[in-house]
Amino acid sequence: MSEYTSDLLTLLEQRGYIHQVTDAGALDALAAKQVVPGYIGFDATAPSLHVGHMVQIFMLRRLQQAGHKPVVVMGGGTTRIGDPTGRDESRKMLTDEAIEDNIAGIRTVFERLLVFGDGPTDAVMVNNNDWLGKLGYIELLQEVGTHFTINRMLTFDSVKLRLDREQPMTFLEFNYMILQGYDFRHLAREMGVRLQMGGSDQWGNIINGMELTRRMDSTEVFGLTTPLLTTADGAKMGKTAAGAVWLNEDQLPAWDFWQYWRNVDDRDVGKFLKLFTDLPLDEIARLEALEGSEINAAKVVLANEVTRLVRGRDAAAKAEATATETFGAGGLGGDLPVLEVTSEGVRIGSALTALGFTASNGEAKRKVAEGAVKLDDEPVHDAGQLVELAPGAESKLTLGRKKYAILRGT
């Protein structure tokens, strides 16, 4: 039984989104009696968001599913500064044109996952440069600066991290938290936004914005954060040896996106089904309880559902068909030789020799140099490349057109 009465907090709790809430009782009561506009901000530093952003994106989807209004704030203004949270160095400065192009690319994934429009619970996307860009420096210092103390700002994790590691932090970045706090105040005053959501690393910034809104306008607003999401092996969500797992097709083909979810750790399947699909909780419980090789069926469901929502139904169907064709019935690769890969990983050259594809590591090097070796259909350029796989995760290793094998994490 949930401790909450509102559909919003009940849904968020059941699916594992809640880490901290500023005043859960008051927010629960508000959400039970009226539409609550809630926002999350996304800086436009790349033409696509990645899997690491999906908890926040799906939290906006849950907000709308529970009958409330999602407000997507694109950081056209704050991107010009750069959020120092969790960073050891400054971001490179982007041109106005690059930021606008990035926002256009990022919008596409939100259009798949949210319903936009003019209705009371329809999503809207706004650009904080529209109000931050109009702020005069003196005006900002007079109206907003008086509500921030240097003493408090120095206690923020984003600042302390840099100082503790003796990494430089520019005055420009130091202002980020002031502008993010001003966002909340502006959205509360102009759009009736009552809730800001974000990852657990944003808790201090959210509190900052709440306090600024209360001091300047005497408006009660709320904050809610999600747990910091890592995979079962402790890795940061959305990061692989090949780089970020992008949400947009232009940055990452649908097959690779599908494969990312198909290869998740067995221990993550239930959690990811709750967070990133709309499957009923009882069905998720059934899939999560599968054991041994049967859990692979649940991973296929996860890959299909997430790819369908993020990339579209056709992309999901084509990716599964490719997997079935490549790996055999059920996508499990039952007909292919399997090389078990320990936590230490395996070098490509060593894998080829261990599988009997090459007679020696020297021959393996020659085959790689000839361009005959591929890992997950991507050419391998270095026989010394290290392949590391989570337990249960699989990659396809091919030599020429006739030799195929599965590398499987143990």
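In this predicted model, ring pairs join Phe58, Phe257, Tyr260, Trp261, Phe272 and Phe276 into a cluster. The structure as a whole contains 9 aromatic pairs, and two of them make a good starting point for a closer look.

The rings of Phe42 and Phe110 sit with their centres 5.2 Å apart; their planes are at 65 degrees, over the 60 degrees required, so this pair is edge-to-face. Phe42 belongs to strand E2 (residues 37-42) and Phe110 to helix H4 (residues 96-113), so the pair ties together parts that lie 68 residues apart in sequence. Both partners are shielded from solvent by the usual count: Phe42 is buried at 3% relative accessibility, and Phe110 is buried at 0%.

Trp255 and Trp258, by contrast, are stacked, with 6.0 Å from centre to centre and 10 degrees between the planes. These two tryptophans are 3 residues apart in helix H12 (residues 254-262), a separation of about one helical turn. Trp255 has a relative accessible area of 15% and counts as buried, as does Trp258 at 1%.

Phe272 and Phe276, already met in the ring cluster, also take part in a helix contact. Helix H13 (residues 269-276) and helix H15 (residues 295-311) have axes that come within 10 Å and cross at roughly 25 degrees; H13 and H15 are therefore roughly parallel to each other. Their crossing is left-handed. On the H13 side, Val269, Phe272, Leu273 and Phe276 meet Ile295, Ala298, Lys299, Leu302, Val306 and Leu309 of H15. The residues of this contact comprise 9 nonpolar, no polar and 1 charged.

How values were computed
Residues numbered from 1 in each chain as written. Predicted model: local features only at pLDDT ≥ 70, side-chain atom pairs only at ≥ 80, totals over all residues. Heavy atoms only, no water. Axes fitted to C-alpha atoms, helices over the stretch in contact; angles between N-to-C directions. Helix = DSSP H or I, 4+ residues; strand = E, 2+ residues; numbered from the N terminus. Parallel < 35°, antiparallel > 145°, perpendicular 65-115°, else oblique. Left-handed = near helix turned anticlockwise from the far one by under 90°. Contact = heavy atoms within 4.5 Å. Nonpolar A, V, L, I, M, F, W, Y, C, P; charged D, E, K, R; others polar. Phe/Tyr/Trp six-rings, centres within 6.5 Å; stacked < 30°, edge-to-face > 60°. Buried < 20%, exposed > 50% of the residue type's maximum accessible area, 1.4 Å probe, protein only.
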